[in-house]
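Let's take a friendly walk through a protein fold, one part at a time. Keep the picture open as you read.

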Amino acid sequence: MKREAVIAVVDDDESVRETTKGLIRSVGFSAEAFGSAEDFLASDHLGRTDCLIADVNMPGMSGLDLLERLAGAGRTIPTILITAYPNERIRMRALNAGVRCYLPKPFAEGDLLGCLRAALGNGISSR
């Protein structure tokens, strides 16, 4: 039986965070938004998150640092990194760390949704 996917959006930019959350909800997924990696790690959503969309550049812990911290704790969450400052070295580090997609901002809605669907795979669906 399929269950509804829960997507976490972690971005320090409130407009990007809320717009991305709205897009995800508009196609039928459940989405929660967090202003920092630390807020996400402290939330009760951590264990229920099926896909993580995180900004690369944030104060405190970066999106890539968050991915590496989760991996170090044995938590594998399919992750999409987004960034306003694309960097080939960071992109390669992210892909080598298992990131499903690395999208420069601004990204097309279709690109994000395609990454999201690829990251979720089978067994999880929108409403």
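## Two helices that cross

Helix H1 passes helix H5 in a right-handed crossing. This is a predicted model, so treat each value here as computed from a prediction. Two packed helices are described by the angle between their axes and the distance between the axes. For H1 and H5, the axes come within 11 Å and cross at roughly 65°.

Which residues make the contact? On the H1 side they are Thr20, Leu23 and Ile24, and on the H5 side they are Glu109, Leu112, Leu113 and Leu116. Sorted by class, this contact of H1 with H5 has five nonpolar, one polar and one charged residues.

## The largest pocket

Now look for the largest pocket, which holds about 160 Å³ of space. Its lining is made up of Val16, Thr19, Thr20, Leu23, Lys105, Pro106, Phe107, Glu109 and Leu112. Two elements give two or more residues to this lining: H1, which spans 14–26, and H5, which spans 109–120. Some names may look familiar: Thr20, Leu23, Glu109 and Leu112 line the pocket and also take part in the contact between H1 and H5.

Which helix gives the most to the lining? That is H1, with four residues. By class, the pocket lining has five nonpolar, two polar and two charged residues.

## A cis peptide bond

Two of the lining residues, Lys105 and Pro106, deserve a second look. They are joined by a cis peptide bond, with omega at about -5°. As background, most peptide bonds are trans. You can find Pro106 in the loop between strand S6 and H5.

## The sheet

Next, turn to the strands. Five of them form an open sheet in the order S3-S2-S4-S5-S6, and the pairing is parallel. At the edges are S3 (30–34) and S6 (101–104), each of which pairs on one side only. From one strand to the next, the twist averages 20°.

Let's zoom in on one pair. Strand S2, residues 6–10, runs parallel to strand S4, residues 51–55, and four bridges join them. Which residue of S4 stands opposite Ile7? It is Cys51.

## A helix across the strands

Finally, find helix H3, made of residues 63–72. H3 lies across S2, S4 and S5, the last of these being the strand at 79–83. Relative to S4, H3 runs at about 145°.

How values were computed. Residues are numbered from 1 along each chain as its sequence is written. This is a predicted model: local features need pLDDT of at least 70, side-chain atom pairs count only at pLDDT 80 or more; totals for chains, interfaces and linings use all residues. Side-chain values use heavy atoms; hydrogens and water are left out. On a 1 Å grid over the protein atoms alone, a cavity is a set of points where a 1.4 Å probe fits but cannot get out, and a pocket is an open set with protein on both sides within 12 Å along at least five of seven lines; lining residues have an atom within 4 Å of a point. Grid points are joined across faces, edges and corners, and a volume is the space filled by probe spheres set on the points. Ala, Val, Leu, Ile, Met, Phe, Trp, Tyr, Cys and Pro count as nonpolar, Asp, Glu, Lys and Arg as charged, and the others, Gly among them, as polar. Axes are lines fitted to C-alpha atoms, for helices over the stretch in contact, and angles run from 0 to 180 degrees between N-to-C directions. A crossing is left-handed if the near helix is turned anticlockwise from the far one by less than a right angle, and right-handed if clockwise. Contact means heavy atoms within 4.5 Å. Two strands pair if DSSP finds at least two bridges between them.
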